[in-house]
Amino acid sequence: MRQITLTQETREHQSARNALITACFADPQPGRAAFKLREDVAPIDKFSYVALDGATVIGSLRFYPLRLPNDAEVLMLGPLAIAPLLRGHRIGQRLVQHGVDMLKSTSYNGLIVIGDAGYFTALDFDVALTQHLKLPGIVAPLTLLGLEWHVEFLSQQSGMLRRIA
Ligand SMILES: CC(C)(COP(=O)(O)OP(=O)(O)OC[C@H]1O[C@@H](n2cnc3c(N)ncnc32)[C@H](O)[C@@H]1OP(=O)(O)O)[C@@H](O)C(=O)NCCC(=O)NCCS
């Protein structure tokens, strides 16, 4: 039986992770909000995780910083990518849960994601938390959702999410 392990990404995983993300997001669209918010911004290395099948990278999860309307920093979940042949085994869910568990012991108070509403609602993300937030680009057919473990960190925010300068 396959043993899938989750771990923090290291340098040795990077080229396989890049190949996986390229394969999973074949057609990056510059007008999309997630693309604009990540443009020229580095993901946070210490919160980058991979799923391994043996030593092979079969999943990747990264987080990018961005600014809330009140200038506080928030992390945006994604990209999340699972190798096509291994989808449907809850590896994506496990990676997200792992990342969230790690972040809860940091100074971050919550997360946003631009993703499939059904997928992320099942992981406790909530559209109600982000209903007054705006994005600088195309969102549909995806949805902006939030998760907060410090009450009102997101839900009290109103206005535009911005790229970290
Ligand atoms: C989306 C993705 C990460 C899901 O990974 P996965 O490991 O196959 O997902 P899981 O096995 O954890 O799925 C768990 C549940 O979510 C459902 N699900 C999977 N993809 C979904 C989607 N795009 N929308 C809604 N539900 C989805 C599954 O059917 C499963 O439902 P169930 O609980 O009723 O059985 C994977 O399909 C992928 O890499 N897609 C391409 C990149 C992408 O779109 N990333 C997400 C945006 S950042």
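Biologist: What makes β3 and β4 a pair here?

Modeller: Strands count as paired once DSSP finds at least two bridges between them. β3 and β4 are joined by eight bridges and run antiparallel, so they meet that bar. One spot to look at is L61, which stands opposite L80 in β4. Keep in mind that this is a predicted model.

Biologist: What sits in the hairpin of β3 and β4?

Modeller: There are five residues between the strands, and D71 takes a positive phi near 80°.

Biologist: Why does the phi of D71 stand out?

Modeller: Most residues other than glycine have a negative phi. D71 is not a glycine, yet its phi is positive, about 80°. E152 does something along those lines, with a positive phi of about 75° although it is not a glycine either. You'll find E152 in the loop between β7 and β8.

Biologist: How do you know whether D71 is buried or exposed?

Modeller: Count the C-beta atoms around it. The cut-off for exposed is 12 or fewer others within 10 Å. D71 has 7, so it is exposed. E152 has 11 C-beta neighbours inside 10 Å, so it counts as exposed too.

Biologist: And Q157, in the loop between β7 and β8: buried or exposed?

Modeller: Buried takes 20 or more such atoms. Q157 has 22 other C-beta atoms within 10 Å, so it is buried. Leaving aside neighbours within four places in sequence, Q157 is in contact with L68, P69, N70, H132 and L133. Take N70: 87 residues separate it from Q157 in sequence, but the C-alpha atoms are 7.2 Å apart in space.

Biologist: What else does β3 pair with?

Modeller: β2 joins β3 through five bridges, running antiparallel, and A51 has G59 of β3 as its bridge partner. The hairpin of β2 and β3 has two residues between the strands, and G54 there takes a positive phi near 70°. Then there's β9, which pairs with β3 in the antiparallel sense over two bridges. Two is just what the definition asks for, so β3 and β9 count as a pair. The bridge partner of L66 in β9 is R163.

Biologist: Why is β5 described as largely enclosed?

Modeller: Six of its six residues are buried, so the rest of the structure largely encloses it. In a regular strand the side chains alternate between the two faces of the sheet. In β5, G110, I112 and I114 point one way while L111, V113 and G115 point the other way, and all are buried.

Biologist: Which strands flank L111 through pairing?

Modeller: L75 of β4 stands opposite L111, and L111 in turn stands opposite L147 in β7. β4 and β5 pair in the parallel sense over three bridges, whereas β5 and β7 pair in the antiparallel sense over six.

Biologist: What is the hand of the crossover from β4 to β5?

Modeller: The chain goes from β4 through α3 to β5, and that β-α-β crossover is right-handed.

Biologist: Which residues have the most contacts inside the largest nonpolar core?

Modeller: L75, M76, L77, L95, L111 and V113, in a core of 36 residues. The largest share of this core, seven residues, comes from β4. L75 is in contact with F63, Y64, P65, L103, Y108 and L111, once neighbours within four places in sequence are left aside.

Biologist: Where does the shell around the ligand come from?

Modeller: β4, α3 and α4 each supply at least two of its residues. The largest share, five residues, is from β4. In all, 17 residues surround the ligand, and the closest are G78, R87, G92, Q93 and D116. The shell divides into seven nonpolar, seven polar and three charged residues.

Biologist: What is special about the peptide bond from G78 to P79?

Modeller: Most peptide bonds are trans. The bond from G78 to P79 is cis, with omega near 5°, and P79 is found in β4. Another cis bond joins A140 and P141, with omega about 10°. P141 is in the loop between β6 and β7.

Terms used: Residues numbered from 1 in each chain as written. Near = placed C-beta within 6 Å. Helix = DSSP H or I, 4+ residues; strand = E, 2+ residues; numbered from the N terminus. Nonpolar A, V, L, I, M, F, W, Y, C, P; charged D, E, K, R; others polar. Core = buried A, V, L, I, M, F, W, Y, C linked by C-beta atoms within 7 Å. Contact = placed C-beta atoms within 7 Å. Right-handed = clockwise from strand over helix to strand, strands pointing away.
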